[in-house]
Amino acid sequence: MATTLFHETLSLGGSSHGLGQQILPFKTSKTSLEVLQLHGNLDIWVKEAKNLPNMDMFHKKLGDVLGTLSFSKIEGHMPHKITSDPYVTVSVAGAVIGRTFVISNTENPVWMQHFNVPVAHSAAEVHFVVKDSDVVGSQIMGAVGVPVEQLISGTKVEGTYPILNANGKPCKPGAVLTLSIQYIPIEKVGLYHRGIGSGPDYHGVPGTYFPLRKGGKVTLYQDAHVHDGFLPDLKVDGGRVRYEHGSCWQDIFNAISQARRLIYIAGWSVFHNVRLVRETEKATNTTLGDILKIKSQEGVRVLLLVWDDPTSRSILGYKTEGIMQTNDEETRRFFKHSSVQVLLCPRSAGKGSWMKKQETGTIYTHHQKTVIVDSDAGNNQRRITAFVGGLDLCKGRYDTPNHTLFRTIQTVHKDDYHNPCFAVNDGGFPREPWHDMHCRIDGPAAYDILTNFEDRWLKASKPHGLQKLKASHDDALLKLERIPEILPITETSYLTKNDPETWHVQVFRSIDSNSVKGFPDDPKDAIKMNLVCGKNVLIDMSIHTAYVNAIRAAQRFIYVENQYFLGSSYNWDAHKDLGANNLIPIEIALKVANKIRSNERFAAYILIPMWPEGVTTSTPIQRILFWQHKTMQMMYDIIYKALVEVGLENKYEPQDFLNFFCLGNREAAHGGDSSDTKSSTASNTPQALAQKNRRFMIYIHSKGMIVDDEYVMIGSANINQRSMEGTRDTEIAMGAYQPHHTSSSKRHNPHGQVYGYRMSLWGEHIGGVEESFKQPESLECVRRVRSLSEHNWKQYAADEVTEMKGHLLKYPVEVDRMGKVKALPGCETFPDVGGKIVGSFTAIQENLTI
């Protein structure tokens with residue numbers, strides 16, 4: 001048979017998934033090999049295979065049985081000869097780090113596919129598993145194992161190797177795979193040693209879909225609103241500039257009000273009845289739905305792209321609210337007879353098995369949160385402005401750094417009560433406070449946010465099945481090139497490169513070709529666009545790429561706020577095959593360990609919710625807490641081993657370098673409190689106990705990271721597999737820095753807007769700022785912050801109700817000097833609400849909670 005180089009189709013049939021797990025049921029080596037750690041990059045070429053076995057005789061026989069029925073394992077006409085559809089997965093420690101595209105119907109495929117992938121894995125071999133893609137799944141033909149012992153020196157290993165089966169023999173006489181692989185340890189990758197944004201030649205995070213955009217402006221927000229004078233007065237840029245605490249929802253309301261051409265909103269949830277502006281002299285009863293209708297009547301193109309929750313329905317008058325209470329059907333009905341166009345977008349798996357389609361459509365979501373408008377550019381011209389981050393425009397999100405529990409329920413939060421953490425909720429108190437991170441982008445990168453919206457809209461509006469009978473939405477998007485007043489991306493630099501306040505911004509995503517239009521059909525083009533090949537999808541995993549790059553480039557400290565924090569499961573002490581393979585937790589731990597070995601100070605501060613939103617005793621929440629505990633334990637194990645290695649285990653403890661925190665609040669009763677007039681009917685329910693003790697967690701919904709006070713990432717992506725894999729929840733994020741405020745430009749610790757933002761967040765959480773906070777990597781700062789958080793936890797957990805000044809709490813687990821993470825003595829369950837703090841695991845592993 002003639003050799004095939006690429007095929008028009010990537011893969012048709014089989015499940016649609018990302019990289020995931022590869023469990024090889026047999027050994028590729030007869031000898032015992034040493035397990036070694038790979039931390040750096042693998043440069044891999046999967047070139048070609050020859051003489052592969054024909055795995056598809058079953059289909060030929062089935063076709064004979066079916067006779068005149070057309071049976072084909074791929075769409076289109078069956079070729080004359082039925083044979084294998086091969087592809088190769090590359091895995092380390094069971095985690096798939098690369099996958100070639102499928103080449104249909106050949107026993108001699110030529111891929112010539114290149115991978116440059118980050119690794120932070122301990123393994124004896126790198127496995128190249130040759131598989132046959134099939135409509136009923138995939139079959140392993142055989143595998144090639146390359147010992148890590150041969151790679152660890154950095155020597156390139158290349159050649160043609162027999163493809164072995166379970167018997168240790170070639171899967172077919174002459175079956176071979178040609179490949180090359182080279183390990184580049186992290187200390188030899190120059191990109192990681194100069195900090196982020198190092199110098200004018202820095203071109204952004206490599207291997208991503210969208211490039212670094214220069215000449216922008218970024219406004220950073222904490223929470224939906226900030227009262228004037230509530231947060232510390234901070235000076236940046238050597239005291240020359242006052243840090244401005246922005247008010248996110250006020251700015252979004254103003255931007256929508258001032259739009260003349262377009263308002264495009266994407267969200268996991270968008271609720272028409274939410275009020276954006278409260279607690280100011282400009283406070284108004286105008287809802288989001290009201291202002292969008294008004295702008296639409298003015299001739300502004302208003303489009304809403306909202307996740308279609310499969311559990312919420314409105315059919316022939318029968319309505320179901322939906323498990324996630326996203327109000328998607330309510331919002332659709334509100335705008336039904338207006339010129340505002342609402343597209344409810346289900347999470348679709350595209351092609352693939354029925355089971356995979358059900359899983360994707362049921363448990364995964366469209367999670368991006370963006371608002372895009374045209375704004376004034378001067379000289380009667382307009383430019384694109386975009387808001388992106390963790391805040392959906394929906395119920396329960398409006399909050400301020402006060403994070404009240406009871407006092408605002410009958411005022412600011414009237415008709416906006418949100419607390420899904422009680423199994424039985426009598427509609428009383430407390431509310432669930434909400435902390436988040438968001439940003440506004442002006443300049444070229446805003447156009448990339450727009451491109452994402454347009455490409456998602458075009459994909460979602462393409463009619464399928466019965467939808468073809470409905471009105472089409474595909475012509476709803478404005479053609480900006482036909483509107484001369486809107487500047488093109490090439491002319492929209494907001495600030496010049498010499499302006500000390502200029503920003504460089506890059507947009508990242510987790511998304512696949514089932515959710516976005518514009519990804520190429522030809523795999524050669526996909527590779528050029530830095531897209532990853534799934535089995536029958538193309539994947540943009542650039543958020544994960546950006547996180548790994550930023551962590552590796554960190555020089556002094558990492559500060560993380562995230563709704564979830566779990567991953568690197570291949571390195572846990574159990575459940576290694578879970579599939580939560582994102583590198584973020586292990587990269588942070590290895591960064592700390594490497595700094596310990598180099599005798600350099602480094603600190604990591606990680607803020608997560610006290611528990612994931614929901615009922616703490618329920619199986620899903622307990623399971624997430626269990627995975628989170630496994631992640632923490634793995635990280636502290638790595639750090640303790642590094643301390644032992646350099647003989648510092650008696651001088652320092654792991655928490656001198658890595659700490660986990662959460663947020664909580666407690667309000668002393670005041671006369672006239674609305675909570676005094678109504679209490680839960682049962683005195684021992686979690687809600688009644690929370691009312692009695694007047695405390696509750698502040699829910700951290702942020703998805704952000706700050707590195708070295710010079711680089712900030714903000715978006716919709718959680719640190720878990722759902723958000724990082726690219727084939728699960730769809731996500732968007734941005735990474736940004738000020739080139740005049742980096743370590744390389746200042747030759748000292750940068751004190752630009754990113755520094756101001758971090759200090760403002762700390763001021764909110766701790767209740768003020770101190771001198772040591774300027775050096776967050778210092779041992780003095782680490783111990784001071786931990787001490788304050790421990791004091792706050794004791795106040796939160798105490799029997800006596802007292803007003804809390806600071807909200808930062810030490811995460812309620814005990815970490816001993818050897819890095820062992822255990823339940824806190826005397827506090828094994830969460831106060832009031834119950835549920836094991838370290839979680840529990842029963843039954844089978846699944847994808848919902850990772």
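Student: Let's start with β24: which residue is the bridge partner of cysteine 533 there?

Tutor: Keep in mind that we're looking at a predicted model. Strand β23 covers residues 532-533 and pairs with β24 in the antiparallel sense over two bridges. A hairpin of four residues links β23 to β24. Across that pairing, the partner of cysteine 533 is leucine 538.

Student: And which residue of β24 stands opposite isoleucine 511?

Tutor: For that one, look at strand β22, residues 503-512. β22 and β24 pair in the antiparallel sense, with three bridges between them. Opposite isoleucine 511 you'll find aspartate 540.

Student: Which β24 residues are buried on the side that holds Asp540, and which on the other?

Tutor: Strand β24 runs over residues 538-541, and both of its faces are covered. Leu538 goes with Asp540 on one side. The buried residues on the other side are Ile539 and Met541.

Student: Moving on to β14, why can we call that strand largely enclosed by the rest of the structure?

Tutor: Check how its residues are buried, where the cut-off is under 20% relative accessible area. Strand β14 spans residues 301-307, and it counts as largely enclosed because the buried ones number six of the seven.

Student: What is the handedness of the β-α-β crossover from β13 to β14?

Tutor: Strand β13, residues 262-267, pairs with β14 in the parallel sense over six bridges. Within that pairing, alanine 266 has leucine 305 as its bridge partner. Between the two strands the chain passes through helix α4, residues 288-297, and the crossover is right-handed.

Student: Which residue in β17 does valine 306 stand opposite?

Tutor: β14 is also joined to strand β17, residues 341-345, by five bridges, and these two run parallel. In β17, the residue facing valine 306 is leucine 344.

Student: Which strands are the edges of the open sheet with the order β4-β3-β6-β7?

Tutor: That sheet has four strands with antiparallel pairing, and its twist averages 30 degrees from one strand to the next. An edge strand here pairs on one side only. That description fits β4 (95-99) and β7 (137-147).

Student: What is the bridge partner of serine 133 in β7?

Tutor: Serine 133 calls for a look at strand β6, residues 125-134, which pairs with β7 in the antiparallel sense over 10 bridges. Its partner in β7 is serine 138.

Student: How far does helix α16 reach from its first C-alpha to its last?

Tutor: Helix α16 covers residues 779-797, which makes 19 residues. At 1.5 Å a residue, its reach is close to what's expected. Its buried residues include Val782, Arg786 and Trp793, and among the elements covering them are β27 (658-666) and α15 (753-766). The end-to-end reach is 27 Å.

Student: Which helix gives the largest share of the largest nonpolar core?

Tutor: That core has 125 residues, and Trp249, Phe660 and Tyr811 are among those that touch the most other members. Leaving out residues up to four places away in sequence, Phe660 touches Met632, Met635 and Tyr811, among others. The largest share, 13 residues, comes from residues 619-645, helix α11.

Student: How many residues are in the second, separate core?

Tutor: In general, nonpolar side chains tend to be buried together in soluble globular proteins. Here the second core stands apart from the largest one, and its members include Val146, Ala603, Leu607 and Met734. Its residue count is 108.

Conventions. Residues are numbered from 1 along each chain as its sequence is written. This is a predicted model: local features need pLDDT of at least 70, side-chain atom pairs count only at pLDDT 80 or more; totals for chains, interfaces and linings use all residues. Side-chain values use heavy atoms; hydrogens and water are left out. A nonpolar core is a set of buried Ala, Val, Leu, Ile, Met, Phe, Trp, Tyr and Cys residues joined through side-chain atoms within 4.5 Å. Buried means under 20% relative accessible area, exposed over 50%, partly exposed in between (1.4 Å probe, protein chains only). Contact means heavy atoms within 4.5 Å. The expected span of a helix is 1.5 Å times one less than its number of residues. Two strands pair if DSSP finds at least two bridges between them. A crossover is right-handed if, with the strands pointing away from the viewer, the path from the first strand over the helix to the second runs clockwise. Axes are lines fitted to C-alpha atoms, for helices over the stretch in contact, and angles run from 0 to 180 degrees between N-to-C directions.
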